[in-house]
Amino acid sequence: MIFKHFTFNHIKLIETESTNSYLHNLNVKTKQVNGTVVSAINQTLGKGQNQNIWITEKGKNLTFSIITYPNIDVNYAFYLNIISSLAVQKALTDLKIESKIKWPNDILVNKKKICGILVENQIKGTKVIQSIIGIGLNVNQTQFDSLLNATSIHKEDVKIEIEDILNQIYRYLDFYFNLLKESNFKILLNQYYSHLFWYNQIGDFNDEHSNFKALLLGISEIGLLKLRLLNQENKVYDIKDVSFNY
Ligand code: BTN
């Protein structure tokens, strides 16, 4: 398959701490082409958002990272999160698995997490010059810690090879990245909203002080979560300052 932007030059590892870190370090030593992918059968110290760790059963799931040099304005940095979540969401829809994107970029199936995404950007001046997008998608794992509230493609009764779902994600990453490069921000944002968990609904949230209900209005210009509190005040939240009770 010929892609418009990415090479999807694939480096397959048996084990590494984190594919995001591996790709980052490799790229410092030897500059990698746009769209180089690193995947690992086992991650010993997978990184999640907010300094969390990403735990995944060895050999069962898809854990990979891709590097790109988007050269887009920093004001649009969040669109890298948007295109990655849309790519996974769409690949799941093709498998007839209905999913939602929980801000900023978790993918949920029936309120259970099936995929986590970690986007690590490098900014120079006003541009995002490099982005490492790390995707952890549960494919064949069937047992999860009950506290995690997670699911996998297999648990949703779909059988697929890890390689095949990876290829579908490649297709959609290239497609949505193309929309981004062509500055189709409105289209991308609308797509994101159409799959966004609790969009335009009253949800139940937590901040550092308390539990509260609010209307999820969408995201701010720079990708923060925009809520309307019950006293009609609008407020934006960064990822470390709010959590969803669902
Ligand atoms: C999250 O939900 O907190 C984000 C999880 C991201 C996990 C993926 S697995 C592949 C890549 N390498 C990492 O160390 N993290 C990401």
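Strands (DSSP runs of E, at least two residues) and helices (H or I, at least four) are numbered from the N terminus, and two strands pair if DSSP finds at least two bridges between them. The model is predicted: local features need pLDDT of at least 70, side-chain atom pairs count only at pLDDT 80 or more, and totals for chains, interfaces and linings use all residues. Residues are numbered from 1 along each chain as its sequence is written, and side-chain values use heavy atoms, with hydrogens and water left out.

**View A. The β-α-β unit of β1, α1 and β2.** Strands β1 (residues 10-16) and β2 (residues 37-43) run parallel and are joined by six bridges. Ile11 has Val38 of β2 as its bridge partner. Together with helix α1 (residues 19-29), the two strands make a right-handed unit; right-handed means that, with the strands pointing away from the viewer, the path from the first strand over the helix to the second runs clockwise.

**View B. Surroundings of Ser39 in strand β2.** Ser39 counts as buried because its relative accessibility is 11%; the classes are buried (under 20% relative accessible area), exposed (over 50%) and partly exposed (in between), for a 1.4 Å probe and protein chains only. Neighbours within four places in sequence left aside, Ser39 is in contact with His10, Ile11, Lys12, Leu13, Thr19, Thr63 and Phe64, where contact means heavy atoms within 4.5 Å.

**View C. The open sheet of five strands.** The strand order is β14-β13-β12-β11-β15, and the pairing is antiparallel. At the edges lie β14 (234-237) and β15 (243-244), each of which pairs on one side only. Within the sheet, β12 (residues 211-219) and β13 (residues 225-229) are joined by five bridges, and Ile219 has Leu225 of β13 as its bridge partner.

**View D. Backbone exceptions in three loops.** Most residues other than glycine have a negative phi, and most peptide bonds are trans. Trp103 and Pro104 are joined by a cis peptide bond, with omega about 0°; Pro104 belongs to the loop between β7 (100-102) and β8 (106-109). Asn200, which is not a glycine, has a positive phi of about 65° and is found in the loop between α4 (185-194) and β11 (202-206). With a relative accessibility of 54%, Asn200 counts as exposed. In the loop between β13 and β14, Gln232 has a positive phi near 75°; its relative accessibility of 57% makes Gln232 exposed.

**View E. A nonpolar surface patch of Leu45, Ile53 and Ile55.** Together the three residues have about 330 Å² of accessible area, computed by the Shrake-Rupley method with a 1.4 Å probe, where for residues only the protein chains shown count as cover. Patches consist of residues with over 30% relative accessible area and no salt bridge; like charges are joined within 9 Å, nonpolar side chains (Val, Leu, Ile, Met, Phe, Trp, Tyr) within 5 Å. A salt bridge is a side-chain nitrogen of Lys or Arg within 4 Å of a carboxyl oxygen of Asp or Glu. Ile55, in the loop between β4 (53-54) and β5 (62-68), is exposed, with a relative accessible area of 64%.

**View F. Surroundings of Ile129 in strand β10 (residues 127-137).** Ile129 is partly exposed, at 27% relative accessibility. Not counting residues up to four places away in sequence, Ile129 touches Thr68, Tyr69, Pro70, Asn71, Gln122, Ile123 and Lys124. From C-alpha to C-alpha, Ile129 and Tyr22 are 18 Å apart in space, and they are 107 residues apart in sequence.
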